[in-house]
Amino acid sequence: MTALSAAQTAKRLTPPQGTSGVFFAVAILAVIIGGASLIGWLISGLVSAAFPAAPPYLILLITLPVMVVLLLLGVRLFPWIVSWYYLVPALVFLIAFTILPIVMTVNYAFTNYSGVNSGYGDVGVKTNVKLSSDRRSVTFAQLSGPADDLPTMLACAKPDCAGETVVLYDADGAVPLFARIQSVKGLTVTLATPVADSFKVTDGSRLNAIRRVGLANFREIFGRASEELLPVFVWTVIFAFSTVVLNALAGLLLGILLYNKRLKGRNIYRTLLFLPWAIPTVITIQMWVALLNQQFGVVNKTLGLLGISAVPWLTDPLWAKISVLLVNLWLGFPYMMTATISALSTISDDLYEAASIDGASRWQQIVNITLPLLRNSFTPILLSGFAFNFNNFGVIYLLTQGGPSVAGRTSTAGATDILLSWGYNTAFAASGGQNYALASAIALIVFFLTLAISLVNFRAAGVFEEAQR
């Protein structure tokens, strides 16, 4: 019996082995974190219902102690799990900053979430109300807006508003109360539960509810695909591909020239050419905005001295695209130059000496020795550069803000907008207010397009073949 008990104890202390053991441990930690978050959310919701002025960070104050208790309970049930607790901070950040945003993005893509339908009360129809003595009924002083009756003013889906929400305010109006409606009669709203005694109701309004709209956002995007989605996608691919090609050619040329050991002052040249990469991008791009100004920019002033008329670098759709490529070339070639110099240092000088003895010219050495040996080093750099520039939001936003505008498109899809900046503009700068739901739908489309392009890149780089070996 003692030997059997010792064997059971040893089994409880021994962690599961192999890949399945890793997944089992991570699953237990995920359950603990998710359970603590759920309990914290439920308790904070109950506390907020009783005390509407409770701070929003209350959920954290509840979740953290609950998580500690659950972690201690996990050690009692699975003693070996304690050796995996070092993953808890990583999993918390992974869930909070990666998994949760992805889940929310997918969810919002099928709703009408926007600056108007924000899930908050509509202050535009806010009006005085009177709470009954039993704190179950709220009577509106008058109808607000063009509505003919209270259900219309409250934007109820059903005539009796059963299950809908009315927003109640106190004198401060800082923290509203979202109360569930049981029924509506005339100007009186009967609530499902009484209002807490601590909340002094003075005003009421409707809730700009976030509702599910199915595939409406995707139908809107693909409905004008020929005007916005396809042109923006094509330009995104052209922008990423052209940037990689131009930066690679410039970096390769400069790298080969500066690697020449017979070049005097090459370290000075390297330092000067490295500066565009060392200076913060925000400063560099703002400098280019000033240089490319059509009226006062140094570039056009110089062209004027040569008898060339001013070029609309940032205001004409075609020239704006050229400007973006040129500025991105200025920002990116130092990286390619540095990568070329680093890769060249791995090539043995004996190869060049043997080629020189055989009578090969400098150009023949570059074509037959340098470029073939650089291919393996440059392939992953070029593929990662394409993936980066496919979502290179910074240079587009800082240089042109996605503009100039194009006839036939909405203001969120300018001539230089790539998919990511188009989604950003839709989310935060859409005409008439923010449109987070439509931007989430664009984000999902960008995700699948990026995934498809990444799979093609991986296949071209032979990643899958390498993994199968």
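User: Which residues in H9 meet which residues in H11?

Analyst: Bear in mind that this is a predicted model. On the H9 side you have Thr281, Thr284, Ile285 and Trp288, and they meet Val327, Trp330 and Leu331 in H11. By type, the contact residues split into 5 nonpolar, 2 polar and no charged.

User: At what angle do H9 and H11 pack, and how far apart are their axes?

Analyst: H9 covers residues 281-291 and H11 covers residues 317-344; the angle is about 145°, and the axes lie 11 Å apart. As for handedness, H9 passes H11 in a right-handed crossing.

User: Let's move to the sheet. In what order do the strands of the closed barrel run?

Analyst: The general idea is that strands of a sheet pair through backbone hydrogen bonds, either parallel or antiparallel. Here the order is S1-S2-S5-S4-S3-S6, a closed barrel of 6 strands with antiparallel pairing. On average, neighbouring strands are turned by 45° against each other, ignoring direction.

User: How many residues lie between S1 and S2 in their hairpin?

Analyst: There are 5 residues between them, and Arg135 in that turn has a positive phi of about 60°. The two strands pair antiparallel over 3 bridges. If you want to find the register, look at Lys130, whose bridge partner in S2 is Thr139.

User: What is the bridge partner of Thr139 in S5?

Analyst: That's Thr188. S2 and S5 run antiparallel and are joined by 3 bridges.

User: And S6, how many bridges join it to S3?

Analyst: S6 is residues 203-206, and 4 bridges join S3 to it, again antiparallel. Val167 stands opposite Ser205 there. S6 also pairs with S1 in the antiparallel sense, over 2 bridges, with Thr127 partnered by Gly204.

User: Now the inside. Which residues of the largest nonpolar core touch the most other members?

Analyst: The general idea first: in soluble globular proteins, nonpolar side chains tend to be buried together. In this model, the largest nonpolar core has 21 residues, and those touching the most other members are Phe140, Leu154, Val166, Leu168, Val189, Leu191 and Val195. Strands S1, S2, S3, S4 and S5 and helix H5 (150-153) each supply at least two residues of this core. S4 gives the most, with 4 residues.

User: Pick out Val189 for me. Which residues is Val189 in contact with beyond its neighbours within four places in sequence?

Analyst: The list is Arg136, Ser137, Val138, Phe140, Leu150, Leu154, Val166, Ile181, Ser183 and Val184. Try showing Val189 with Phe140, Leu154 and Val166, which are among those contacts and, like Val189, among the core residues touching the most other members.

User: What about the other core, how many residues does that one have?

Analyst: That one has 20 residues and lies apart from the first; Ala109, Leu419, Ala441 and Ile442 are among its members.

User: Last one: is Ser440 buried or exposed?

Analyst: Read it off the relative accessibility: anything under 20% is called buried. Ser440 comes out at 8%, so Ser440 counts as buried. You'll find Ser440 in helix H16, residues 436-461. Setting aside residues up to four places away in sequence, Ser440 touches Thr105, Tyr108 and Ala109. Ala109 is the one you just met in the core of 20 residues.

Methods
Residues are numbered from 1 along each chain as its sequence is written. This is a predicted model: local features need pLDDT of at least 70, side-chain atom pairs count only at pLDDT 80 or more; totals for chains, interfaces and linings use all residues. Side-chain values use heavy atoms; hydrogens and water are left out. Axes are lines fitted to C-alpha atoms, for helices over the stretch in contact, and angles run from 0 to 180 degrees between N-to-C directions. A crossing is left-handed if the near helix is turned anticlockwise from the far one by less than a right angle, and right-handed if clockwise. Contact means heavy atoms within 4.5 Å. Ala, Val, Leu, Ile, Met, Phe, Trp, Tyr, Cys and Pro count as nonpolar, Asp, Glu, Lys and Arg as charged, and the others, Gly among them, as polar. Buried means under 20% relative accessible area, exposed over 50%, partly exposed in between (1.4 Å probe, protein chains only). A nonpolar core is a set of buried Ala, Val, Leu, Ile, Met, Phe, Trp, Tyr and Cys residues joined through side-chain atoms within 4.5 Å. Two strands pair if DSSP finds at least two bridges between them.
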